[in-house]
Amino acid sequence: MSTISVTQHSRYQAKVARSRATSEPAWIRWVLIAIALAFLTLFLFIPLAAVFTEALRKGFDTYINALVDPDALSAIQLTLIAAAIALPLNLVFGVAAAWAIAKFDFKGKSILITLIDLPFAVSPVVAGLIYVLIFGLQGWFGEWLLDHDMKVIFAIPGIVLATVFVTFPFIARELIPLMQAQGKDEEEAALVLGASGWQILWRVTLPNIKWGLLYGMILTNARAMGEFGAVSVVSGHIRGMTNTMPLLVEILYNEYQYAAAFAVASLLALLALVTLALKTFVEWQAAKNAEETELAVMQS
Amino acid sequence: MSIEINHISKSFGKFNALQDINFTVPSGELVALLGPSGCGKTTLLRIIAGLESPGEGRIAFHGDDTTDLDVRKRQVGFVFQHYALFRHMTVFENVAFGLRVRPKTTRPNEAEIRRRVHELLNLVQLDWLADRYPPQLSGGQRQRIALARALAVEPKVLLLDEPFGALDAKVRKDLRRWLRRLHDELHITSVFVTHDQEEALEVADTIVVMNHGKVEQIGSPQQVYDQPASPFVYQFLGNVNQFESRVTKGRAKIEDIHIDSTEHHAVEDADALAYVRPHDIEVFTEPNGHASFPATVSYIHSLGPLVRLELQRNAENTIIEAELTRERFLQLQLKEGSQVHVRPRHVRVFLKPSA
């Protein structure tokens, strides 16, 4: 009994001593926390609350009416279409790029990594302008497209292209460090055991990266639905046809239809909240998995 | 199933990992590739497996050339250094993997898979862990599961990369004896890579000693330990004392001691290095008629049945190591600082490579 209490006591002391060594006086801690909270309130909570109050200012009916307006519905639909195309494309591209970079050595690898980061480095407006330059009426392929009766700029394909461009680093960037850390031992083991490339992908690689992949998909989706700059350049703002939700918010706001603008904006804000919740859940799951692994390793 | 390795060379950029490797692993043998890290032993193992392609040379299994055969079709069992178990699969599924990925025509049915996996898990004595996940196992358990998984595809040859490298000393000893017994049961041609000479000496039928991408010596543990073919092998396998020496007319000389060196009888005059194992160093307190040289006891390790002495040679400032039995040590009544006479009992002389 006495030995137990002694060890417990010393452990307690060690804990106190350690925390004392690394902690600041109480007033500093409180001041820092207060500053952080004030900042968050000013820049995050108040605007978020404002979005919903403004949206509901003229009553719930106006709110609903603003959302079921044909232009609004069309914008919602277009946003969903753009995200629904961009997400799978980026999924395939992201996994392929991350696989190539993490598991193989080849020439030009660092160039590929740099290229993947390009959308982060380039302003979205420039990205949109590039597409106008290439596919626009006065652009490189403009005449050819016109001759074949195809429209890219000021039409849905252009919006999808711009969305894919701005979102394509998210999944690859999320997966590359994860896959590099996991190494290629398991893939090699599967190979020696006779598995084909597809079997290795589905049975070994994907299950190992599923949390990272999901996290990347959530971020991609959020960005795809919220993108303004690049899409604004290529869209042409044609109501009911090439307006996405962020673009519609701007138009409505410029036309002094505040309630409608905030109603659509509130949907985007809701999307952000759902994204945050999902992201937190995925992070928590991934951390739990890692922790369980660690714990099991420690016990063994 | 023998493994024939013919003139294998491999380089990574300007670094020559392997240079003209030639040997045959006889059917049913357990062979150790032994060498320091960076000597190319793992590269050679991966070339045999097909995970790496040789720059030059051919690999054949029992006469059939497999150099260009896809890894999947080579039917090798490979045990990775860090086990490489599929972390998201249970132990059962890990072992079953090789059977499940077979094309439909050759895939056993579920009942057969079940039977085979449990048979293998029983073989490695871990059937009770079938539903666990790899992170929940100890290192030794993971290693045995990795072995069961490799055996599930009924490989023609078994290749093990540093199989005990990541385990602690006690588990390591148990596991390598167990591997030896398992090999005696299964008789599958096996090659394992190790940098631990004790491990190679204890487990292998044949040891291939490698250094700098070349084979230094091939032989039974007895042969490589008792008759090392090169200074490198001498130093790598067990402790050894090195003496500066000179060979004149077939006789080597260490201080005033002359040693007949039959293999160098044609050598007129050359610098040489003489090697003596610590247990071949004879120590006595008074000159006894045999040629010897004086030394001072500088340190005594007396742990276990053997007493290790560090002796400072009086003629030059070098330390030699000697091992005495406890009885002999007590008989001599040695203390640190004692003056002794030293005679090498069994000496092997290598000429210095001419510069």
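Me: Let's begin with Phe39(A): is this residue buried or exposed?
Reply: Good place to start, and keep in mind that this is a predicted model. Residues with over 50% relative accessible area are called exposed. Phe39(A) has a relative accessibility of 53%, so it counts as exposed.

Me: Which helix holds Phe39(A), and what kind of surface patch does this residue help to make?
Reply: Phe39(A) belongs to helix α2 of chain A, which covers residues 26–56. Its partners in the patch include Trp30(A), Ile33(A), Leu37(A) and Phe43(A). The patch has an area of about 1,100 Å², and its kind is nonpolar.

Me: How many helices and strands does chain A have?
Reply: Reading chain A from the N terminus, you meet α elements one after another. The chain has 300 residues, and 38% of them count as buried. The count for chain A is 14 helices and zero strands.

Me: Is Thr79(A) buried or exposed, and which residues does Thr79(A) touch?
Reply: Thr79(A) sits in helix α4 of chain A, residues 70–103. Its relative accessibility is 2%, and since buried means under 20%, Thr79(A) counts as buried. Leaving out residues up to four places away in sequence, Thr79(A) touches Met225(A), Thr244(A), Met245(A) and Pro246(A).

Me: Now to chain B: which strands stand at the edges of its six-stranded sheet, and why is one side of each left without a neighbour?
Reply: Follow the order of this open, mixed sheet: β6-β7-β8-β3-β9-β10. The two edge strands each have a single partner strand, so one side of each has no neighbour in the sheet. They are β6 (76–79) and β10 (214–219) of chain B.

Me: What is the average twist from one strand to the next, and which helix packs on the sheet?
Reply: From one strand to the next, the twist averages 15°. The helix that packs on the sheet touches β3, β6, β7, β8 and β9 of chain B, and its direction makes about 150° with that of β7(B). That helix is α1 of chain B, residues 41–49.

Me: How many bridges join β7 to β8 in chain B, and which residue stands opposite Val157(B)?
Reply: In general, strands of a sheet pair through backbone hydrogen bonds, either parallel or antiparallel. Strands β7 (157–161) and β8 (189–194) of chain B run parallel, and five bridges join them. Opposite Val157(B), in β8(B), stands Thr189(B).

Me: Which residue forms salt bridges with both Arg115(B) and Arg116(B)?
Reply: Arg115(B) meets its partner at 3.1 Å, N to O, while for Arg116(B) the closest N and O atoms are 3.6 Å apart. Arg115(B) and its partner lie three residues apart in helix α3 of chain B, and Arg116(B) is four residues from that partner in helix α3. A network of salt bridges links these residues with Glu119(B) and Glu154(B). The shared partner is Glu112(B).

Me: Is Arg116(B) buried or exposed?
Reply: Its neighbour in the network, Arg115(B), is partly exposed at 44% relative accessibility. Arg116(B) has a value of 13%, so Arg116(B) counts as buried.

Me: How far apart in sequence are the parts tied together by Arg176(B) and Glu202(B)?
Reply: These two form a salt bridge, with the closest N and O atoms 3.2 Å apart. Arg176(B) lies in helix α5 and Glu202(B) in helix α6 of chain B, so the pair ties together parts separated by 26 residues.

Note on methods
Residues are numbered from 1 along each chain as its sequence is written. Chains are lettered from A and ligands numbered from 1 in the order in which they are written. This is a predicted model: local features need pLDDT of at least 70, side-chain atom pairs count only at pLDDT 80 or more; totals for chains, interfaces and linings use all residues. Side-chain values use heavy atoms; hydrogens and water are left out. Patches are made of residues with over 30% relative accessible area and no salt bridge: like charges are joined within 9 Å, nonpolar side chains (Val, Leu, Ile, Met, Phe, Trp, Tyr) within 5 Å. Accessible areas come from the Shrake-Rupley method with a 1.4 Å probe; for residues, only the protein chains shown count as cover. A salt bridge is a side-chain nitrogen of Lys or Arg within 4 Å of a carboxyl oxygen of Asp or Glu. Buried means under 20% relative accessible area, exposed over 50%, partly exposed in between (1.4 Å probe, protein chains only). Two strands pair if DSSP finds at least two bridges between them. Axes are lines fitted to C-alpha atoms, for helices over the stretch in contact, and angles run from 0 to 180 degrees between N-to-C directions. Contact means heavy atoms within 4.5 Å.
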